[in-house]
Amino acid sequence: MPFNINHIHLKSTDPKATADWWVNAFNFTIDSDAVRESGDRFISCASENGIRVNISEPMAGQTFTPGDAGLRYGLEHFGLDSADLEADIARLETLGATLLDGPIEMSPTVRIAFIEVPENVRVELIERSE
């Protein structure tokens, strides 16, 4: 059996607001929105290429440590393609994102930028040209 990526899971104090942000910012679709038996709200979304992104609030008794969109060991960010880096940065800033770094020329055909989005998530935008 292949080890395909099954999903990415984001924790949020307001899963609906967070899911709506991803819908508006990156055309995600919300596939389900329910309160699980454990009592937490759990929203399952999909990116345009079918990657599952789950967003849930803390379960009873769970306490979150503060989020941080900075550089770190372990899971640091995930990347999304961009057809127009500057236009996407400007659009996402109107939705509340913050530009952290870039645009950066990685090669003659690849440029990247890092943004902070709601719940202190670090996202890399990647623009490739021919």
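The legends below describe close-up views of a predicted model.

**View 1. The open sheet has 4 strands.** The strand order is β1-β4-β3-β2, and the pairing is mixed. Strands β1 (8-11) and β2 (29-35) form the edges, each pairing on one side only. On average, neighbouring strands of this sheet are turned by 20° against each other, direction ignored.

**View 2. Strands β3 and β4 run antiparallel.** Strand β3 covers residues 41-46 and strand β4 covers residues 52-56; 5 bridges join the two. Within this pairing, Ile43 has Ile55 of β4 as its bridge partner.

**View 3. Helix α1 lies across the strands β1, β2, β3 and β4.** The helix comprises residues 15-26 and runs at about 10° to β3. Helix α1 also contributes to the largest nonpolar core, where its 5 residues are the largest share.

**View 4. Five residues make up one aromatic cluster: Trp21, Trp22, Phe26, Phe28 and Phe78.** The search of the whole structure finds 5 aromatic pairs. One of them joins Trp21 and Phe26, with ring centres 6.0 Å apart and 70° between the planes; this pair is edge-to-face. Trp21 is buried, because its relative accessible area of 9% falls under the 20% limit. Phe26, at 12%, is likewise buried. In the pair of Trp22 and Phe28, the centres are 5.3 Å apart and the planes stand at 35°, so the arrangement is tilted. Trp22 and Phe28 are both buried.

**View 5. The largest nonpolar core holds 23 residues.** Trp22, Phe26, Val123 and Leu125 touch the most other members. Two or more residues each come from α1, β3, β4, β5 (78-82), α2 (85-94), β7 (110-117) and β8 (121-128). Trp22 and Phe26 also belong to the aromatic cluster of View 4.

**View 6. Val123 and its contacts are shown, leaving aside neighbours within four places in sequence.** The aromatic residues Trp22, Phe26, Phe78 and Phe114 are among the contacts of Val123. Val123 is also in contact with His77, Leu80, Ala113, Ile115 and Val117. Of these partners, Trp22 and Phe26 are, like Val123, among the core members that touch the most others.

**View 7. The charged end of Arg122 sits over the ring of Phe114.** The distance from this charged end to the ring centre is 4.4 Å. Phe114 is also one of the residues in contact with Val123.

Technical notes. Residues are numbered from 1 along each chain as its sequence is written. This is a predicted model: local features need pLDDT of at least 70, side-chain atom pairs count only at pLDDT 80 or more; totals for chains, interfaces and linings use all residues. Side-chain values use heavy atoms; hydrogens and water are left out. Rings of Phe, Tyr and Trp (its six-membered ring) pair if their centres lie within 6.5 Å; planes under 30 degrees apart count as stacked, over 60 as edge-to-face and the rest as tilted. Buried means under 20% relative accessible area, exposed over 50%, partly exposed in between (1.4 Å probe, protein chains only). A charge sits over a ring if NZ of Lys or CZ of Arg is within 6 Å of the ring centre and within 35 degrees of the ring normal. Two strands pair if DSSP finds at least two bridges between them. Axes are lines fitted to C-alpha atoms, for helices over the stretch in contact, and angles run from 0 to 180 degrees between N-to-C directions. Contact means heavy atoms within 4.5 Å. A nonpolar core is a set of buried Ala, Val, Leu, Ile, Met, Phe, Trp, Tyr and Cys residues joined through side-chain atoms within 4.5 Å.
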